[in-house]
Amino acid sequence: MIQAETLELLEWHRLCQHLATFAATKLGAIASTNLQIPTSQSVSEQLLAQTKEVYQLETRLTTGLSFDGIQDIGDSIERAELRGILAGDELLAIATTLAGARNLRRVIDNQEDIPVLTDLVADLRTYPELEQEIHRCIDERGNVADRASQKLSEIRDDLRRLRSQINQKLHNILQAKSNAVQEQLITQRGDRFVIPVKASHKDVIPGIVHDTSTSGVTLYVEPNSIVPMGNQLRQTLKREQAEEEAIRRVLTEQVAAVTPDLERLLVIVTTLDLAAARSRYSYWLKANPPRFVNRDEQEIITLRQLSHPLLIWQQQHEQGHAVIPVDLLISPHIRVVTITGPNTGGKTVTLKTLGLAALMAKVGLFIPAREPVEMPWFDQVLADIGDEQSLQQSLSTFSGHIRRISRILNTLSENSALSEKLQGGASPLRGFPPLKELARSPSGQTSVTQHSALVLLDEVGAGTDPAEGSALAIALLQYLAEHAQLTIATTHFGELKALKYEDARFENASVEFDEATLSPTYRLLWGIPGRSNALAIALRLGLNPEVVEQAKTQVGEATDEVNQVIAGLEAQRRRQETKAAEAQKLLQQAERLYKEVSDKAAALQEREKSLRVSQEVAVQQAIAQAKGEIAQVIRRLQQGTPTAQDAQQATNALNQITQTYQPVAAPKPKVGFMPKVGDRVRISQFGQTAEVLTAPDEDGELNVRFGIMKMTVKLQDIESLDGQKAEPIVKPKPAPAPTTPPPQTAPAIRTSKNTVDLRGKRVADAEIELDKAISQATGPIWIIHGHGTGKLRQGVHAFLQQHPRVSSYEPAEQADGGSGVTIAQIA
């Protein structure tokens, strides 16, 4: 009972309704609305794994998982199993569901890294042969098609023939008895064809009256001449119905034969749709997957920027207020957290937010909080929230609170007893003490097995005498510290704030209150007990200031001092948060500037690289152009016998090409300095500074003054005040006497005149021709002998070696023929 009450208090049904809007099928929506909460952590982890994989899968697919064609065929399967005959549209729904399930399995099988979903659809059987048979027999409107059987096709041919004969007969009657009919119309009453006859002319067209108009002036008559054909038509229709029923019976039997597989198919498809709904709802919430932690292993509950999912929905769809998230960071040794602060400050919303987060994690939903999301798996979430801050406002009485808390304690007792029984021991909670005995116990502590439950208590101990209510609240929280994994309680009792300083398992938190605006900020502050601010709120709501001032005198100095200390702590916390925000802002600015500088440096490096590449390309182009121009000069020289004038022109052209394409060396920077009149210099041998009176002459001497003395010094004896030596003066050299330049010799250029081709000749014949060429040569000659066997080359080299006019010989450049050509220098 307490479980159902807790779900109602947390408005779990509303969250399930929101989840159902993200389902793609009717079955998925029903499963979402009636969401079952797992009773084991392994099931919750399995559901979370499904949600994660669907989330991952739908980010890869352009349209997400498609559930087209999948329908709720559960009733049809059940009726088929009971030997009922399914209608055509029911059979068609089964066929489309089989096709939709097959498409789902195909999409999942084609993806990688989704083992949970792959394992889920591994045993999915979609019976394509059954689907094809249904589509063959049933058309898209759910009717049995002519092609279903030969007999049905023949029956329908007979029906078409009979209808045609009846229509033709009736048309003939309408034309022949046009004055007796109300209008030229053939219609039906039931399965009989009739024509509208005037009541005054009923004897003109004898037949059977099947209907009368409302006014009574028109009779719908089946003429006697077509009655036999109408009877035959009715019999044929019954034959058609019997054949259609036989076809549907056969298909139904095929469906019934695979009922277990079809039921499993529905379960798998509904599981997939529910996982997809959880994934899409989590994406809409901008939620993150939780990780279940074990507090016994000193793991912290981490829920930063946790938002209430129902408030998010209200903000998005119902124009609600902006949702203010809370931070919940609870150390593993903390068992009870007491939240204090003013009314309407957000205490109850914090309880509901944590309760819904625990339930969402259990059913496989992501949590609307910033990563990392880490919380325990609570086997039960138990709540006593009397003041529901939703659309419905209802206040619980003290007795109602106590009854609900008693049910919570009984549930903890029963589960602890069951745990002890499973462990083979007797439960120490047998005969659990009544609640009134708890109030008399100062500690309420008992050595029991702790229950993994989350308990949420709103305004614990309220609704009765403050002294007794405070004592009851203290005893209850101490008991829950022993028996529940985590308890969150809201209160206005000041005595509960001191439990933190008496028991390390307790922690204080408070909702922030802005005294400047006298309104809550809905922020949760940890480690600082809150103030109720009742007097400030009363003054803000218009209570007489005189009454408020009188109330302040009744509070007492001790309470006022405590409130001042708490106010100081809150102010100090705000200052620290402001400084932390400023530091974070500076850090973000530094990171942004670092990124900008890094981007600019990378851009400069890229630009330098591109410039280097472009320069290399330009150099290569210049070299290629220079080679082309040099080749042109060589070709001009090869066109005839080169003269000294041609050689001079070629040399000038090559010099011009060199000046054009060879980079000019940068002038070397000058070293040293040149003293000017008025400069201060240091005389090295005296170690004194002096003032320059005259500029250095051509011998490098200058006049300086230090103190009252003047003297002449050389440049090499002085230096600048920063230690630079003076630049020596270079005397101009006398111009040399003009001399006649020596005649320039023509460069060794290969032409047709100085080239001898000996290829194909014997050595003896080659020697004769070679001797003739040497005797006529005025410069080097190019001898082409080729490669061949090498004998001709050897004979040529032997001849050149002993010839008196040949000073030397060598193989030509590779561009001129390489080892197949020899260049001989003629003396």
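No disulfides are counted in this predicted model, where such a bond would need a pair of cysteine sulfur atoms within 2.5 Å. Two of the cysteines can still be placed with respect to the surface. Cys16 has a relative accessible area of 2% and is buried, and Cys137 is buried too, at 2% relative accessibility. Both labels follow because buried means under 20% relative accessible area.

**A four-stranded sheet and its helices**

Let us turn to the sheets. Strands of a sheet pair through backbone hydrogen bonds, either parallel or antiparallel. One open sheet here has four strands in the order E1-E2-E4-E3, and its pairing is antiparallel. Which strands stand at the edges? They are E1 (187–189) and E3 (207–212); each has a single partner strand, so one side of each is left without a neighbour in the sheet. On average, neighbouring strands of this sheet are turned by 50° against each other, direction ignored.

Within this sheet, E2 (residues 192–198) and E4 (residues 218–223) are antiparallel partners joined over four bridges. If you would like a place to look, find Val197, whose bridge partner in E4 is Leu219.

Two helices pack on this sheet. Helix H9 (residues 150–176) touches E2 and E4, and its direction makes about 10° with that of E2. Helix H10 (residues 227–257) touches E2, E3 and E4, with its direction at about 145° to that of E2.

**A five-stranded sheet**

Further along the chain, five strands form an open sheet with antiparallel pairing, in the order E18-E17-E16-E15-E19. Its edge strands are E18 (709–714) and E19 (718–720), each of which pairs on one side only. Neighbouring strands are turned by 45° against each other on average, again with direction ignored.

Here is one strand pair from each of the two sheets, side by side.

| Strand pair | Pairing | Bridges | A bridge |
|---|---|---|---|
| E2 (residues 192–198) and E4 (residues 218–223) | antiparallel | four bridges | Val197 with Leu219 |
| E15 (residues 680–683) and E16 (residues 688–692) | antiparallel | four bridges | Val681 with Ala690 |

**A loop residue**

Finally, visit Lys753, which lies in the loop between E19 and strand E20 (755–757). Is Lys753 buried or exposed? Lys753 counts as exposed, because its relative accessibility is 65% and exposed means over 50%. Lys753 and Trp782 are 29 residues apart in sequence, and their C-alpha atoms lie 9.5 Å apart in space.

Key. Residues are numbered from 1 along each chain as its sequence is written. This is a predicted model: local features need pLDDT of at least 70, side-chain atom pairs count only at pLDDT 80 or more; totals for chains, interfaces and linings use all residues. Side-chain values use heavy atoms; hydrogens and water are left out. Buried means under 20% relative accessible area, exposed over 50%, partly exposed in between (1.4 Å probe, protein chains only). Two strands pair if DSSP finds at least two bridges between them. Axes are lines fitted to C-alpha atoms, for helices over the stretch in contact, and angles run from 0 to 180 degrees between N-to-C directions. Contact means heavy atoms within 4.5 Å.
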